[in-house]
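Reader: Could you walk me through a few of the labels used for this model, and the cut-offs behind them?
Author: Gladly, let us take them one at a time.

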Amino acid sequence: MTTAPPAPHPATRQSLAHGPLGTALLDIERAHRGLADWHTVHQKLAVTGPLIDGDDASLFLGAPAMAYVLHLASVGTARYATALRTLDDAVAAHTRRRLAAAHTRIDHGHYAAFAEYDLFRGLTGIGALLLRRRPDGQELRHVLEYLVRLTEPVSAPDGRPRPGWWVGHAPAGNQAATPGGHANAGLAHGITGPLALLALAKRHGITVDGHEQAMTRILRWLDGIQQIDRNGTRWPRWVSSTGPADTRTPVPSWCYGTPGIARAQQLAAIAFGDDDRRRMAERALLYCLADTRQLDRLSSRGLCHGLAGLIRTVQRVAQDAQDPGPFHTWLKEAHHRFLTVPAPHTPGFLNGTAGAALAFGSAEPGATSVTDWDACLLLI
């Protein structure tokens, strides 16, 4: 007699990062191209169970994650229209609840947390979804207004000013790194996520009071922490009360490194029509790509911390670059490097085979994506 393996936890089934919702993104891209059957997509989405819609729900988990996946599946069709209308209403209500809690936190003078504002778990991720699903809705405008407020400085207990996105906790997995909290610079958990969303909204003609001032505050902070030497321009992963994180040999990842930060600044520069910042951001990425010490620190094919994330970021930067040639040259050379690092051991989107395959396939010469699957990474 054999015992069936336990059913996956709902949080696993409904995870865009690690579960079937994430791997469905590859199936959806392939189905749109006629390389896979839509039945495979339907089967994968049918096992998610009742959708999570509490405080833990986010762009990468539960009802908002499902809305994102179905949005990509519906591109150019009426597919999933009824389900999407229901999910849109659920996401709108969820957004209003999250915003009320965030404003209450600010009113009480407490520090922020990643889970409140970041891309993975917070309101920046919800805003990225709303920009796709309901760009004209009030909820998106209210998220942008919240992000404007997030950039306003706050006071530390000793009276010193802190950036409004200062969090009282340490970065995940590094609890001793930032005693007293820190201001994070990364695209996944830091302030360049809100910067990218504000810039993308502005490019779509969607702005709120204080929109440009908020973007300018973020950019000036990034200018204040940037480090420039013969190896180019780079930014620390975070700044704590003891100073900036070490940048001597940074990991050139989408989530924390120069690539993601440079893309966010390129988007902001385009939104502002700032050619000088646009050139600076693009040069910073080119210096990064030319530094083999940095590239050798990417030891996986994943999106978050690996070569897939770098490849996709470079491709999106190239699409908007004043001179895309050097980026295209690097992308051709990146194929060999990609194939020499170990393949992921899991099928997921963020660190697994699905995300790696999406990035690698999209970077093939002449290839274009049918879906903007990387909108959840704030690259477009």
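Author: A polar contact is a pair of N or O atoms within 3.5 Å; within protein, one must be able to donate a hydrogen and the other to accept it, and residues adjacent in sequence count only if both atoms are side-chain atoms. This is a predicted model, in which local features need pLDDT of at least 70 and side-chain atom pairs count only at pLDDT 80 or more, while totals for chains, interfaces and linings use all residues. Residues are numbered from 1 along each chain as its sequence is written, and side-chain values use heavy atoms, with hydrogens and water left out.

Reader: What lies 3.1 Å from a polar atom of the side chain of Thr192?
Author: The backbone nitrogen of Leu187 does, at 3.1 Å, against the limit of 3.5 Å for a polar contact.

Reader: Why is Thr192 called buried?
Author: Buried means under 20% relative accessible area (exposed is over 50%, partly exposed in between; 1.4 Å probe, protein chains only). Thr192 has 0% relative accessibility, so it counts as buried.

Reader: Which residues is Thr192 in contact with, leaving aside neighbours within four places in sequence?
Author: With contact meaning heavy atoms within 4.5 Å, they are Ala185, Gly186, Leu187, Leu222, Ile261 and Ala264.

Reader: What makes the lining of the second largest cavity 7 nonpolar and 1 charged?
Author: Its lining consists of Ala128, Leu131, Arg132, Leu197, Leu200, Ala375, Leu378 and Ile380. Ala, Val, Leu, Ile, Met, Phe, Trp, Tyr, Cys and Pro count as nonpolar, Asp, Glu, Lys and Arg as charged, and the others, Gly among them, as polar. The division is therefore 7 nonpolar, no polar and 1 charged.

Methods. 1 Å grid on protein atoms, 1.4 Å probe; cavity = no way out; pocket = protein on both sides within 12 Å on 5 of 7 lines; lining within 4 Å.
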